[in-house]
Amino acid sequence: MDSDTPAIKRFTPDSNHHQSSPAADIRLAGVLPKDSAEQYELTFWESIKDSSDPADYEAYLQAYPKGRFTALARARIARLQASPPKTAPPAKKAEPASPATSSSTSPPTTSTQAPPSKATKPKSSEHAAPAEAAEGASPATAAGLAEIKDCKDCPTLISLPAGSFIMGSNTGDPSERPAHRVSIGDSFAIGKFEVTVEQWNACVNAGGCPRVPSSDTAPKEAPMRDVSWEDAQQYVKWLSKTSGKTYRLPTEAEWEYAARGGTATPYWWGRQMRTGTANCKECGDPWSQEAPAKSGSFAANPYKLHDMNGSVWEWVADCWHNNFKGAPADGKTWDESTCRARVIRGGSWRDGASYMTSTTRFKYDASVRQNQNGLRVARDVK
């Protein structure tokens with residue numbers, strides 16, 4: 001930790017998310033001691049303070065022009081801009097130990113928040129138990145799921161059937177409780193991959209989305225990141241206009257239903273963490289501190305969906321609620337008339353293995369861009 005950064009005591013060393021409080025002891029989790037602007041700012045700073053990308057600090061200054069770390073952010077920008085850029089070594093490719101840990105599908109060619117601390121961190125295991133099918137889950141298999149591509153620049157979608165599942169967890173973070181049954185009444189389609197840099201820039205070039213500087217040098221197959229919830233709304237609006245279909249962000253329930261892939265275990269691949277299954281800092285190669293791996297670098301879940309765990313946090317439609325008490329049982333959007341914080345799901349490449357469970361959730365200010373936040377799109381299938 002920098003000597004000029006206030007010390008923050010964490011419950012685990014994996015903290016890398018956006019909420020905060022100047023208290024000596026703080027748990028950066030889904031449920032925090034106090035929901036305040038100071039929390040957001042301090043967690044934002046915690047997630048970028050070790051970054052070597054000036055754009056991260058510029059994003060902080062844009063969000064908090066009179067923040068407590070503005071002087072330090074400007075100093076970091078000056079120092080980084082004065083130093084020659086470092087060339088990161090190429091990421092090592094994961095060894096194809098088995099079909100379960102290698103990706104056979106590449107993404108279609110077409111840019112601050114760190115996760116809350118998890119109170120309990122699952123132990124890693126190279127030999128995780130097989131995933132259990134969820135009670136009431138759809139019997140659909142990957143072979144029976146149709147792929148949809150509505151236009152040249154549209155993300156490829158996977159059509160998922162209606163079904164029911166148990167959402168949340170009674171043993172995880174308090175924000176994931178209580179576990180409750182949700183019934184998805186209608187089929188819907190969701191992105192096979194997270195929206196890529198190339199797909200986002202198609203919207204930019206058409207005048208439908210803002211240009212994000214961090215995407216200028218990113219590989220076109222990389223997941224788009226550093227976008228706010230409001231930016232994501234512009235993207236789905238443009239997709240809808242371009243394709244003639246009604247695109248949107250998935251609801252939080254739809255997202256977890258898709259992420260589980262018909263399983264009921266903490267991870268879609270089993271009860272314990274296993275290397276080579278997700279893009280996170282404790283999950284095995286390919287991994288780099290500087291940026292997420294290209295979309296599709298890891299195996300798909302049983303619903304043919306890639307990178308639901310790790311890579312970048314994904315915005316969903318719902319307003320943030322501290323837990324699932326009173327959550328809708330039909331999988332629809334849980335919204336509020338005045339909603340500042342929106343839900344993000346799935347963890348990012350900078351987070352630890354404990355964030356890779358299907359139930360991981362957190363919140364972020366809808367108007368703030370953060371370099372670990374991206375999106376995956378959805379639409380109804382009628």
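The following conversation concerns cavities, backbone features, a sheet and a helix in a predicted model.

Trainee: Let us begin with empty space. What volume does the largest cavity have?
Mentor: The largest cavity has a volume of about 80 Å³.

Trainee: Which residues line the largest cavity?
Mentor: Its lining consists of Met167, His180, Val182, Glu252, Ala253, Asp318, Phe324, Ala327, Pro328, Gly331, Lys332 and Trp334. Two elements, β4 (180–184) and α6 (252–260), each give two or more residues to that lining.

Trainee: How does the lining of the largest cavity divide by class?
Mentor: There are 7 nonpolar, 2 polar and 3 charged residues in the lining of the largest cavity.

Trainee: And how much space lies in the second largest cavity?
Mentor: The second largest cavity holds about 50 Å³. Among the residues that line it are Trp268, Phe298, Leu305, His306, Asp307 and Met308. By class, the lining of this second largest cavity has 6 nonpolar, 4 polar and 1 charged residues.

Trainee: Asp307 caught my attention. What is the phi of Asp307?
Mentor: Asp307 is not a glycine, yet its phi is positive, at about 60°. Asp307 sits in the loop between α6 and β7.

Trainee: Is Asp307 buried or exposed?
Mentor: Asp307 is buried, since its relative accessible area is 6%, and the cut-off for buried is under 20%.

Trainee: Which residue in the loop between α4 and α5 should I look at for backbone geometry?
Mentor: Asp226 lies in the loop between α4 (197–205) and α5 (229–243). Asp226 is a residue other than glycine with a positive phi, near 65°. Asp226 counts as buried because its relative accessibility is 8%.

Trainee: Changing topic to peptide bonds: which residue is joined to Pro178 by a cis peptide bond?
Mentor: Arg177 is joined to Pro178 by a cis peptide bond, and omega is about -5°. Pro178 belongs to the loop between β3 (163–167) and β4.

Trainee: What about the peptide bond from Asp285 to Pro286?
Mentor: The bond from Asp285 to Pro286 is cis, with omega near -5°. Pro286 is located in the loop between α6 and β7 (313–319).

Trainee: Now the sheet. In what order do the 4 strands stand?
Mentor: The order is β9-β8-β7-β10, in an open sheet with mixed pairing. β9 (361–365) and β10 (373–375) are the edge strands; each has a single partner, so one side of each is left without a neighbour in the sheet. On average, neighbouring strands of this sheet are turned by 50° against each other, direction ignored.

Trainee: How many bridges join β7 to β10?
Mentor: β7 and β10 run parallel and are joined by 3 bridges. Trp313 stands opposite Asn373 in β10.

Trainee: Which strands does α5 touch as it packs on the sheet?
Mentor: α5 touches β7, β8 (341–345) and β10, and its direction makes about 85° with that of β7.

Trainee: One last helix, then. Why is α4 largely enclosed by the rest of the structure?
Mentor: α4 is largely enclosed because 7 of its 9 residues are buried. The buried residues are Val197, Gln199, Trp200, Asn201, Ala202, Cys203 and Val204.

Trainee: What do the buried residues of α4 pack against?
Mentor: The buried residues of α4 pack against α5 and β10. The helix α5 also packs on the sheet, where β10 is one of the strands it touches.

Trainee: And which residue with a positive phi follows α4?
Mentor: Gly207 follows α4, and the phi of Gly207 is near 85°.

Conventions: Residues numbered from 1 in each chain as written. Predicted model: local features only at pLDDT ≥ 70, side-chain atom pairs only at ≥ 80, totals over all residues. Heavy atoms only, no water. 1 Å grid on protein atoms, 1.4 Å probe; cavity = no way out; pocket = protein on both sides within 12 Å on 5 of 7 lines; lining within 4 Å. Points joined across faces, edges and corners; volume = space filled by probe spheres on them. Nonpolar A, V, L, I, M, F, W, Y, C, P; charged D, E, K, R; others polar. Buried < 20%, exposed > 50% of the residue type's maximum accessible area, 1.4 Å probe, protein only. Pairing = 2+ DSSP bridges. Axes fitted to C-alpha atoms, helices over the stretch in contact; angles between N-to-C directions. Contact = heavy atoms within 4.5 Å.
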